[in-house]
Amino acid sequence: MGSMNRVFLMGNLGKDPEVRYTSGGGAVANFNIATTETWNDKQSGERQEKTEWHRIVVWGKTAEHCGEYLRKGRSVLIEGRIQSREWQDKEGQKRNTTEIVADRVTFVGGPRDGAGGERSGGGGDEYQP
């Protein structure tokens, strides 16, 4: 039987994306999204909530679109794969990270204006490499 590494996440950006360019000129964007799970506690009946943060990496033209159109608080639907990697920090310590490498980013809802409200238009713009 084969295997599959596929992830679908819908959440809100914790801050604006950071876009950088590789030495070869390729764009890469990094941002975090929050997903929140809510439930009622079986014993107390109180509403409980847990937020998970997910590190997202996007490449190419999609990365440029994310840098241009996404802002903190914006809802996005991410489709991609989970990737774990090891790297060294500035002190030479080995670090591990797990991230979602996005193949497709769908902008959900309209863009936010400076006052935090919704502007008309926008809603479901999709970008993929």
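How many residues lie between β2 and β3 in their hairpin, and which residue in the turn has a positive phi? Keep that in mind as you open this predicted model.

**Stop 1: the β2–β3 hairpin.** Select residues 18-21 for strand β2 and residues 27-40 for strand β3. Five residues separate the two strands of this hairpin, and the residue to click in the turn is G25, with a positive phi of about 90°. The strands run antiparallel and are joined by four bridges. To see one of the pairings, pick R20 and look across to V28, its bridge partner in β3.

**Stop 2: β1 against β3.** Keep β3 on screen and add residues 7-13, which make up strand β1. Here the pairing is antiparallel too, over two bridges. Select N12 and you will find its bridge partner, A34, in β3.

**Stop 3: β3 and β4.** Now add strand β4, residues 47-59. Between β3 and β4 there are 13 bridges, again in the antiparallel sense. For a sample, highlight I33 together with H54, its bridge partner in β4. These two strands also form a hairpin, this one with six residues between them. In its turn, look for G45, whose phi is positive at about 80°.

**Stop 4: helix α1.** Finally, move to residues 60-69, the helix α1. Select T62, A63, H65 and C66: buried or exposed? These four are buried. Turn the view to look down the axis: they sit on the same side of α1, because they cover an arc of only 160° around the axis. In general, an α-helix has 3.6 residues a turn, so residues three or four places apart point the same way.

Definitions and conventions: Residues are numbered from 1 along each chain as its sequence is written. This is a predicted model: local features need pLDDT of at least 70, side-chain atom pairs count only at pLDDT 80 or more; totals for chains, interfaces and linings use all residues. Side-chain values use heavy atoms; hydrogens and water are left out. Two strands pair if DSSP finds at least two bridges between them. Buried means under 20% relative accessible area, exposed over 50%, partly exposed in between (1.4 Å probe, protein chains only). The arc is that of the directions from the helix axis to the C-beta atoms.
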